[in-house]
Amino acid sequence: MPNIKSAKKRVLIIEKKTAQNKAIKSRISTYAKKFKSAVNNKDLAVAEEMYREVVSLMDSAAKDNVIHVNSANRKKARYAKMIESIKEAK
């Protein structure tokens with residue numbers, strides 16, 4: 001437990017930011033699951049809508065350093081491939 005006043009403040013700030021980051025990551029995860037579910041059901045319209053939402057969330061999270069930029073780009077590329085596989089199947 002910190003004794004210095006500024007260290008005590010930092011602990012409070014870190015707890016707050018950790019909660020915010022966790023909420024952002026959870027939201028990304030939720031939309032990613034919805035996207036993957038739509039891909040598995042071969043529902044192109046829903047998959048494309050969820051893809052746009054997931055990409056938007058990942059871009060904003062990467063911009064704020066919640067997730068790494070390369071990680072976001074890698075996942076976006078993989079999700080784009082999944083959509084292309086649906087389009088090719090039809």
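**Exercise 1. In this predicted model, determine which partner Glu-48 meets in a salt bridge, and where the two residues lie.**

Solution. Step 1: the side chain of Glu-48 forms a salt bridge with that of Lys-87, with an N to O distance of 3.4 Å. This value falls within the 4 Å limit for a salt bridge.
Step 2: Glu-48 belongs to helix 2 (residues 44-63) and Lys-87 to helix 3 (residues 69-89). The two are 39 residues apart, and the pair links distant parts of the chain.
Step 3: Glu-48 has a relative accessible area of 25% and is partly exposed. Lys-87 is likewise partly exposed, at 37%.

**Exercise 2. Identify the salt-bridge partner of Asp-59 and state whether each residue of the pair is buried or partly exposed.**

Solution. Step 1: the partner is Lys-76, and the closest N and O atoms are 2.5 Å apart.
Step 2: Asp-59 is in helix 2 and Lys-76 is in helix 3, 17 residues apart, so that this pair also links distant parts of the chain.
Step 3: the relative accessible area of Asp-59 is 35%, which places this residue in the partly exposed class. Lys-76 has a relative accessibility of 15% and therefore counts as buried, since the cut-off for that class is under 20%.

**Exercise 3. Establish which residues form a network of salt bridges.**

Solution. Step 1: the side chain of Lys-87 meets that of Glu-84 in a salt bridge, at 3.9 Å from N to O.
Step 2: both residues are in helix 3; because they are 3 residues apart, about one helical turn separates them. Glu-84 is partly exposed, with a relative accessible area of 40%.
Step 3: Lys-87 also forms a salt bridge with Glu-48. Glu-48, Glu-84 and Lys-87 are accordingly linked in a network.
Step 4: the total for the model is 3 salt bridges.

**Exercise 4. Describe the largest nonpolar core and the surroundings of one of its residues, Ala-47.**

Solution. Step 1: the core comprises 20 residues. Those touching the most other members are Ile-28, Phe-35, Ala-47, Val-54, Met-58, Ile-67 and Tyr-79.
Step 2: at least two residues of the core come from each of helix 1 (5-40), helix 2 and helix 3. Helix 2 provides the largest share, with 8 residues.
Step 3: neighbours within four places in sequence are set aside for Ala-47. The contacts of Ala-47 are then Phe-35, Ala-38, Val-39, Ile-83 and Ile-86.
Step 4: as general background, nonpolar side chains in soluble globular proteins tend to be buried together.

Terms used:
Residues numbered from 1 in each chain as written. Predicted model: local features only at pLDDT ≥ 70, side-chain atom pairs only at ≥ 80, totals over all residues. Heavy atoms only, no water. Helix = DSSP H or I, 4+ residues; strand = E, 2+ residues; numbered from the N terminus. Buried < 20%, exposed > 50% of the residue type's maximum accessible area, 1.4 Å probe, protein only. Core = buried A, V, L, I, M, F, W, Y, C linked by side-chain atoms within 4.5 Å. Contact = heavy atoms within 4.5 Å.
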